[in-house]
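Reader: I have a model open in front of me and would like to understand the labels used for it. Could you take me through them?

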Amino acid sequence: MIKINKPKFWDKKIGFLSILFFPLSLVFLFLIFLKKKIVKERKFKIPIICVGNIYIGGTGKTPTSVLLAKELSKSGKKPVILRKYYKHHNDEHYLIKNHFKNLIVTKNRLMGLKEAENSDFDIAILDDGLQDYKIKKNQKIVCFNSNQLIGNGLVLPAGPLRENLYALENVDIVLINGSKVQDFENKILNINKKIEIFYSSYKPINLEEFKNKKLLAIAGIGNP
């Protein structure tokens, strides 16, 4: 496996390297535009909630999907979390399985949704998949981390975004992990006035277990 580190200039103000790669970003945006025009959305009988992002990763999609699935279960629903299979993403699959038993992992999300439809699940949660334009989603939740937000605001490869911020025009909810960022909220609301914005945070619940112990901590997913 080739290790690729995120370029530092992605999360800084626009500079020489961002400008250098900007023509390629325009090509990338054009390909996204074409894909949206060409690809036909497919509807499913089962309601679909998509928990996605436009920043490349580390925004809290998976913990949000797990929490959502648990809350839906409490309300009497039978949710399933659906993930696309990637060879080196087994850690995320294990993370979900440790907290929620209903998980479908397939190489093709359409196949996974058909499997969910043919089972006794009554709602599907897509952990990632916002950029899978083949699927008609009933609700779209986009996650951000307040430490990075949208970085330098440019799409790949000049910046860290899969799509530009205008992708939020058709999104229902934005979830920001971290502290309140009013300027960013204003940007979002200028694009989509109907969007709902919420904040989340992580709270350790078992710190007592680690008191007076020597520890080695390793974080390998997201933005550790």
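Author: Gladly! Let's begin with a definition: a salt bridge is a side-chain nitrogen of Lys or Arg within 4 Å of a carboxyl oxygen of Asp or Glu. Do keep in mind that this is a predicted model.

Reader: What makes aspartate 11 and lysine 6 a salt bridge?

Author: Their side chains come to 2.8 Å, N to O, and the cut-off is 4 Å, so the pair qualifies. Aspartate 11 has a relative accessible area of 31%, and lysine 6 also has 31%. Partly exposed lies between 20% and 50%, so both residues get that label.

Reader: Why is glutamate 185 called buried?

Author: Its relative accessibility is 9%, and buried means under 20%, so the word fits. Glutamate 185 forms a salt bridge with lysine 180, with the closest N and O atoms 2.7 Å apart. Lysine 180 is at 54%, and exposed means over 50%, so lysine 180 counts as exposed.

Reader: How do you know that lysine 134 and aspartate 132 form a salt bridge?

Author: The closest N and O atoms of the two are 3.1 Å apart; the limit is 4 Å, so the pair counts. Here aspartate 132 is buried at 8%, while lysine 134 is partly exposed at 33%.

Reader: How many salt bridges does this rule give?

Author: The count is twelve. Arg83, Glu92 and Asp127 are joined in a network of them.

Reader: How do you know that the length of helix α2 agrees with its number of residues?

Author: Helix α2 has 14 residues, 61-74, and at 1.5 Å a residue it should span 20 Å. Its end C-alpha atoms are 20 Å apart, so the two values agree. Among the buried residues of α2 are Val66, Ala69 and Leu72, and the buried residues of this helix pack against elements including β1, α3 and β6. Just after α2, glycine 76 has a positive phi of about 95°.

Reader: What makes aspartate 128 and asparagine 212 worth a look?

Author: Most residues other than glycine have a negative phi. Aspartate 128, in the loop between β4 and β5, has a positive phi of about 85°, and asparagine 212, in the segment after β7, has one near 60°. Aspartate 128 is buried at 12%, whereas asparagine 212 is exposed at 84%.

Reader: Why is the peptide bond from leucine 156 to proline 157 called cis?

Author: Its omega is near 0°. Proline 157 sits in the loop between β5 and β6.

Key
Residues are numbered from 1 along each chain as its sequence is written. This is a predicted model: local features need pLDDT of at least 70, side-chain atom pairs count only at pLDDT 80 or more; totals for chains, interfaces and linings use all residues. Side-chain values use heavy atoms; hydrogens and water are left out. Helices (H or I, at least four residues) and strands (E, at least two) are DSSP runs, numbered from the N terminus. The expected span of a helix is 1.5 Å times one less than its number of residues. Buried means under 20% relative accessible area, exposed over 50%, partly exposed in between (1.4 Å probe, protein chains only). Contact means heavy atoms within 4.5 Å.
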